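User: I would like to go through this structure one feature at a time, with the reasoning given before each answer.

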Amino acid sequence: MKEGKCPKCGSTEIFSGAEVVLKKGPFGSNAIPISLTSVVALDNYVCGDCGMLESYVSDPVKLAEIAKRWKRVNSEEPEKTAAS
């Protein structure tokens, strides 16, 4: 969506909240916790036609912190089924 096109419906009616002032908000409403003492704001992109939302970490430096602290998703594991 950062390039201005919705991957779901193909619309070009994309709106960005990347420049919203104080996007973290008083309660971190537009942010995610990285650890107990670290939070990062999100840049949101919304399709004006279908409502799809994509969020991106706004501070590239925080990506390294996320990689250090969060568990990596293992894409090599087989998908679990209802019977598993």
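User: How many bridges join strand 2 to strand 3, and do the two run parallel or antiparallel?

Analyst: The model is a predicted one. Strand 2 covers residues 31-35, and a hairpin connects strand 2 to strand 3 through 2 residues. Within this pairing, Pro33 stands opposite Val39 of strand 3. The two strands run antiparallel, and the number of bridges joining them is 4.

User: Which geometry does the aromatic pair of Tyr45 and Tyr56 have: stacked, tilted or edge-to-face?

Analyst: The structure holds 1 aromatic pair, formed by Tyr45 and Tyr56, whose ring centres are 5.8 Å apart and whose planes make an angle of 80 degrees. Tyr45 lies in strand 3 (residues 38-47) and Tyr56 in strand 4 (residues 53-57), 11 residues apart, so that the pair links distant parts of the chain. Because planes over 60 degrees apart fall in that class, the geometry is edge-to-face.

User: Which residue lies over the face of Tyr56, and at what distance from the ring centre?

Analyst: Tyr56 has a relative accessibility of 27%, and therefore counts as partly exposed, whereas its partner Tyr45 is buried at 12%. Over the face of the Tyr56 ring lies Lys2, and the distance from the ring centre is 4.2 Å.

User: How many disulfides does a search of the whole structure find?

Analyst: The cysteines to consider include Cys9 and Cys47; for Cys9, the nearest cysteine sulfur is that of Cys47, 3.7 Å away, and for Cys47 the nearest is that of Cys9. Because a disulfide requires sulfur atoms within 2.5 Å, neither Cys9 nor Cys47 is in one. For the whole structure, the number of disulfides found is 0.

User: Is Cys47 buried or exposed, and what is its relative accessibility?

Analyst: Cys9, whose relative accessible area is 42%, is partly exposed. Cys47, by contrast, falls under the 20% limit for burial, and therefore counts as buried, with a relative accessibility of 2%.

User: Which residues make up the largest nonpolar core?

Analyst: In soluble globular proteins, nonpolar side chains tend to be buried together. Leaving aside neighbours within four places in sequence, Met1 is in contact with residues including Cys6, Ile14, Tyr45 and Cys47; outside the core, Met1 also touches Tyr56, among others. The largest nonpolar core has 6 residues, namely Met1, Cys6, Ile14, Ala18, Tyr45 and Cys47.

Conventions:
Residues numbered from 1 in each chain as written. Predicted model: local features only at pLDDT ≥ 70, side-chain atom pairs only at ≥ 80, totals over all residues. Heavy atoms only, no water. Phe/Tyr/Trp six-rings, centres within 6.5 Å; stacked < 30°, edge-to-face > 60°. Buried < 20%, exposed > 50% of the residue type's maximum accessible area, 1.4 Å probe, protein only. Lys NZ or Arg CZ within 6 Å of the ring centre and 35° of its normal. Pairing = 2+ DSSP bridges. Core = buried A, V, L, I, M, F, W, Y, C linked by side-chain atoms within 4.5 Å. Contact = heavy atoms within 4.5 Å.
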